[in-house]
Amino acid sequence: MRFWTPVILFSLTISSIPAADFSFAGNFQRDDEHRNFSVTTSKPSTLTVRTLSYAGGANASGIAVPAGGFDPTLSVFDSSGNLIAVNRDGGCDSVARDPVTAFCWDSSLSVAVPAGAYQIVLTQADNTPQGPTIKDPFVYDGAGNFTADPQSPESTGFWDLSLHHRGNEFALNIQGVDSAQLGFTPQVNAMVNAASSQAAQIAPNTILSYYALGLGGDGISVSIGGTPATILYSGASQINFVVPPSVTATNGAALVQISRGGLLLVSTPVTAVAASPAL
């Protein structure tokens, strides 16, 4: 059974709302993935989140988002990791319907919150929280492409309950907060030498590749030891960059920081060496 109204587990009377809108878009590779968005508000506010990619619409920047993405679920957790709201089917724009399915299975919720930090988790429909905290597993964690069409031996993931094949795209707006960023767990072993694809050490003028889901291609910057690095390529899950020649040529620690639009995504120490040749 599908539910069309948000399930609100927390409420508070608010006095003011920060005027800020944030739009995110990207892709899942498997049905059971999560995308975590960290948001903050300096005053009591109404936190509003709405997905667009199932039936399409216009994001907070006025950019058209095409229909065809997967059937989404939204969950919100407070700074202590407690679940405060969850929604599977919150509706779409007033005139939006998916052109293939004729359904409106995007997610939307609004919840009054005090000042603080919150986590928004985007998942594929039916992969909902099993427990009251963010540390608890979701229903289909580790299940891979759990929505594959059981009638088709060649099917892959991203099907909806109407057994229509869907794309892996997501898009959502976050409103009523001061800051919002797509978060992911830094993985230093995802940083490799671009020539050898082996685990990399930092050395002057070395070209490195960093891989992580959710990087996004626009507005990415990299600094090493506080010095900006030249970016050669920036894609949805990969960036290639050149270690600045000013990075120390003696063994020691260097801090690699990756940001998007001024928001820090990764900050991790790595070993700096005099040279790191590779083929």
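**Note on strand β7 and the salt bridges**

1. Strands β7 and β10 pair in the antiparallel sense, over six bridges. One residue pair illustrates this: Thr73 of β7 has Thr123 of β10 as its bridge partner. Please keep in mind that this is a predicted model.

2. β7 also pairs with β8. The two strands run antiparallel and are joined by four bridges. Here Phe77 of β7 finds its bridge partner in Leu83 of β8. β7 and β8 form a hairpin, with five residues between them. Look at Gly81 in that turn: its phi is positive, at about 85 degrees.

3. How many of the six residues of β7 are buried? The count is six of six, so strand β7, residues 72-77, is mostly covered. Its side chains go two ways. Pro72, Leu74 and Val76 point one way. Thr73, Ser75 and Phe77 point the other way. All of these residues are buried. Thr73 and Phe77, the residues named above for their bridge partners in β10 and β8, are thus among the buried set.

4. Now the overall picture. The protein has 20 strands and zero helices. Of its 279 residues, 46% count as buried. Contacts with a separation of 6 or more are mostly between distant positions: residues 24 or more positions apart account for 68% of them. The accessible surface comes to about 12,900 Å². Carbon and sulfur atoms hold 54% of that surface.

5. Next, charged pairs. Side chains of opposite charge can pair when their charged atoms come close. The structure holds four salt bridges. Three of them are taken up in the points below, one by one.

6. Arg88 and Asp126 form one of the salt bridges, with N and O 2.6 Å apart. Where do the two residues lie? Asp126 is in the loop between β10 (116-124) and β11 (169-175), and Arg88 is in the loop between β8 and β9, so the pair ties together parts that are 38 residues apart in sequence. The loop of Arg88 runs between β8 (83-87) and β9 (108-113). The side chains of Arg88 and Asp126 are also listed as a polar contact of 2.6 Å.

7. Is Arg88 buried or exposed? Arg88 is buried, because its relative accessible area is 18% and the limit for buried is under 20%. Asp126 has a relative accessible area of 27%. That value makes Asp126 partly exposed. The bridge therefore joins a buried arginine, Arg88, to a partly exposed aspartate, Asp126.

8. Arg30 and Asp32 make another salt bridge. Their closest N and O atoms are 2.9 Å apart. Arg30 is partly exposed, at 39% relative accessible area. Asp32 counts as buried, at 7% relative accessibility.

9. Glu33 and Arg35 also meet through their side chains in a salt bridge, 3.0 Å from N to O. Which of these two residues are buried? Glu33 counts as buried at 11% relative accessibility. Arg35 is buried too, with a relative accessible area of 5%.

10. To sum up, there are two places to look at in the viewer. One is β7, with β10 and β8 as its antiparallel partners and six of its six residues buried. The other is the Asp126 and Arg88 salt bridge, which links the loop between β10 and β11 with the loop between β8 and β9.

Notes:
Residues numbered from 1 in each chain as written. Predicted model: local features only at pLDDT ≥ 70, side-chain atom pairs only at ≥ 80, totals over all residues. Heavy atoms only, no water. Buried < 20%, exposed > 50% of the residue type's maximum accessible area, 1.4 Å probe, protein only. Contact = heavy atoms within 4.5 Å. Areas by Shrake-Rupley, 256 points an atom, 1.4 Å probe, with all protein chains shown as cover. Polar contact = N/O pair within 3.5 Å; in protein donor to acceptor, adjacent residues only side chain to side chain. Pairing = 2+ DSSP bridges.
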